[in-house]
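Visitor: I would like a short tour of a protein model. Please keep the answers brisk.

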Amino acid sequence: MTTFGIEEEFLLIDRGTQLPATPAPQQAETLLDITAGGGKATPEWLTCQLEHTSPVFSDATTALNSLLSFRRELATVAGSMGFDAAATGTAPDIALAPAQVTPGERYHQLAGMTPAIAADQYLNGMHVHIGLNSLEDGVRILNGLRPWLPLVVALGANSPMWRGSDSGFASWRSIHYRRWMANSVPPQFDNLADYQARLKTLLHFDVVESPSTLAWLTRISFAHGTIEIRACDVQLEASDAVVIALFIRALSRMSLEVPAVAQIPPEVLEIAVWQSAKFGLSGSLMDPISGTQKPAADLVQDALERVQPYFEGAEDMSVVQRGLERILSEGTGAERQRRAMQNGGMNALLTCASSSLIAHPAR
């Protein structure tokens, strides 16, 4: 059984100003004490953010119950402070003043090195961790996932709003994040030794503090012994987070058993990821097999058929199939945010975000 875990980054919004909140130190401590769901709450880059690291999962039901438990407790605790918690990939609106960086040596060191980035790093992602039997397997999965990353970015698009209006991108977070020194699609690696050698070379640069500074869309997490997939915005609803995580798990298992037929050139993958961030599932996407363009809905169906043998049982397959059908029907988080904004402006958008945080798929 291949295990998985999910990290989710949440935004705290002040109900009075509708802007990112500034919790007092005692409030921040109370938020970090949340243990519902069996995971761990930790600070993030900015004081208005909070990250939840889930327990290790093996099945969909446990994962969904855990994520929902944490989200519901977060909503309750934040609400008692006059805040709403939201799972949006960007803050829909921000103040003119620079963002407040979370106290701590590491965050302030990074902010000191990149003050213009720190000033508006209001970005919330979802990171999926896939358990590994060996680091060698990890490199094989890294290589196998590369051509699928544009599709994963499109499925996880949930950050269309920026500075109070539409950014023009389904995943503005994906574009915004490119300002870091190493982002987007990682290179193809020959083997583990090649991965380690390239990592060692990059760590010689003064701007690379540690392996975790390399914000590739997929990377090996040595601390957890996992592959970490960082291609998705945080999801409006916990059910979408679980569906995407299970889909990624199936893709990872397929990558171990079925080597990539052809290496797609890195410049093609870069443009394909940009295209996915622009359109989400509303346009065409790159077919990972042929490298050609295909309507997003067709590619999702093709992908489902291709990974069908690699789900961890019938429940996984059913959850992912129903979940992806729902995303195609109702739209990604980006499309749902846009509909709310069009229907009622910022008030409606924030209501959508706060209610979606604790929504159950059987609603």
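Guide: Here are some questions about strands, salt bridges and one loop residue.

The model is predicted, so local features need pLDDT of at least 70 and side-chain atom pairs count only at pLDDT 80 or more, while totals for chains, interfaces and linings use all residues. Residues are numbered from 1 along each chain as its sequence is written, and side-chain values use heavy atoms, leaving out hydrogens and water.

Visitor: Is strand β5 largely enclosed or open, and how many of its 7 residues are buried?
Guide: Strands are DSSP runs of E, at least two residues, and helices are runs of H or I, at least four, numbered from the N terminus. Buried means under 20% relative accessible area, exposed over 50%, and partly exposed in between (1.4 Å probe, protein chains only). Strand β5 spans residues 125-131 and is largely enclosed by the rest of the structure, because the number of buried residues is 6 of the 7.

Visitor: Which strand is joined to β5 by 6 bridges?
Guide: Two strands pair if DSSP finds at least two bridges between them. Strand β1 runs antiparallel to β5, with 5 bridges, and E8 stands opposite M126. On β5, V128 stands opposite I229. That residue lies in the antiparallel partner with 6 bridges, β11.

Visitor: Which residue meets R163 in a salt bridge?
Guide: A salt bridge is a side-chain nitrogen of Lys or Arg within 4 Å of a carboxyl oxygen of Asp or Glu. Here the N to O distance is 3.7 Å. The pair links distant parts of the chain, 43 residues apart. R163 is partly exposed at 43%, and its partner, buried at 12%, is D120.

Visitor: Which residues form one network through shared salt-bridge partners?
Guide: E237 and R326 form a salt bridge with the closest N and O atoms 3.0 Å apart. R336 and D240 also meet in a salt bridge, at 3.0 Å. E237 and R326 are buried, and so are R336 and D240. Salt bridges that share partners join E237, D240, R326, E330 and R336.

Visitor: Which backbone nitrogen does the side chain of D93 reach?
Guide: D93 lies in the loop between β4 and α3 and is partly exposed at 25%. D93 touches residues including L19, P20 and M346 (contact means heavy atoms within 4.5 Å). At 3.4 Å, the side chain of D93 reaches the backbone nitrogen of G164.

Note on methods:
Polar contact = N/O pair within 3.5 Å; in protein donor to acceptor, adjacent residues only side chain to side chain. Lists of a residue's contacts leave out its neighbours within four places in sequence.
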